[in-house]
Amino acid sequence: MDINPKDFIETVYVRGVQISLVASGDGTEIIYHKLNPGVRWALEPTEGWTALEYFLVLSGELRYPSDNGYKVLKPGDSFYRSPVTDHHIFQSYQTTEFLYITSQPIFHHYSKASHGIMDLAVSIEEKDGYTVDHCSRIKRWSMLIGEELGFNAKQLLVLNNASFLHDVGKVKVPLSILQKPGKLTPKEWEIMKKHTTFGRELLESTQVPSLVDAGPIVEQHHERYDGTGYPFGLKKNEISIEASIIAVVDSYDAITSDRVYQKGRPKEEAIEEIFRCRGTMYHPDIVDIFLSLQNKMI
Ligand SMILES: [Fe+2]
Ligand SMILES: [Fe+2]
């Protein structure tokens, strides 16, 4: 049995599992699941939860412990409980798809989990002193440049995530450092610089493919064309083109934005500064595209 991805109402990715809502109504939901190899998936009893839970394996296989050893569910096999009274844990040993039917709506819980990391990014921009929409602007402008460079759909999706989440690793930097009004000590600065690697680690931990792929870009967004950046001191084309894009638009927005402790500088000054650092701090081609798109950068 084949499910056409076009039939999915909404898709989210949570820790190695693709979860797509296929149909819903009268409190019943049909949800498609696709598990990566090695992923565990559980059915647990929940207080006050009396739903019928049923799933039908479409491909791959799921193993689960039972009283006498392990049982295996193969394509065409189903499993149901009404209600769930015990814990059941299933493991996929290969990519496994199943259709899951529940008589109480649960999809919105999954949806929330996947949006969590985006919310985290927004909470960081506030803690970092930006007044509004820093992440959204970086995303919008990065995407304009990506489109101008002829990125394909997958590259655009990854750039979309990397640009919005470029500073998400700051969640692991103590607030006393993040919000220190004065100059950071050398030791504090070393911790601050780690937000790049923290970001990559956080994105990798989600196991969502388009977030994992954004990880190395996030890690490189403070690398500089002449090798003076961090965390690795990469040079020129050692830096990914996506990270080079974010570096330019992030600097531009940092100069022009009003921050909690200082007023933003005029657009013209920011453009002058970016142009002055063309080929030293910033990738020359990206600076050229950035400047050519000025009338679209709102
Ligand atoms: Fe950053
Ligand atoms: Fe930023």
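The crossing of helices α3 and α9 is right-handed. That's one spot to start looking at this predicted model; an iron site is the other stop on this short tour.

So how do the two helices sit against each other? Helix α3 covers residues 153-164 and helix α9 covers residues 241-256, and they pack at an angle of about 40°, with 10 Å between their axes. Because of that angle, α3 counts as oblique to α9. On the α3 side, the touching residues are Gln 155, Leu 159, Ala 162 and Ser 163, while α9 brings Glu 242, Ile 245 and Ile 246. Sort the residues of this contact by character and you get four nonpolar, two polar and one charged.

Now for the metal. Which residues hold the iron ion (ligand 1)? Here they are, with the atom each one uses:

| Residue | Donor atom |
|---|---|
| Asp 167 | OD |
| His 195 | NE2 |
| His 221 | NE2 |
| His 222 | NE2 |

These donors coordinate the iron ion (ligand 1) at 2.0 to 2.3 Å. The angles among the four donor atoms run from 85 to 175°, and the site is irregular. Along the chain, the donors of this ion follow the spacing D-x27-H-x25-H-H. His 195 belongs to helix α6 (residues 195-206), whereas His 222 is in the loop between α8 (215-219) and α9, so this pair ties together parts that lie 27 residues apart in sequence.

The iron ion (ligand 1) also has a fellow metal: the iron ion (ligand 2) is 5.0 Å from it.

Notes: Residues numbered from 1 in each chain as written. Chains lettered and ligands numbered in written order. Predicted model: local features only at pLDDT ≥ 70, side-chain atom pairs only at ≥ 80, totals over all residues. Heavy atoms only, no water. Axes fitted to C-alpha atoms, helices over the stretch in contact; angles between N-to-C directions. Helix = DSSP H or I, 4+ residues; strand = E, 2+ residues; numbered from the N terminus. Parallel < 35°, antiparallel > 145°, perpendicular 65-115°, else oblique. Left-handed = near helix turned anticlockwise from the far one by under 90°. Contact = heavy atoms within 4.5 Å. Nonpolar A, V, L, I, M, F, W, Y, C, P; charged D, E, K, R; others polar. Donors = N, O, S within 2.8 Å, 3.2 Å for Na, K, Ca; no water. Tetrahedral: all angles 85-135°; square planar, octahedral: opposite > 155°, others 65-115°.
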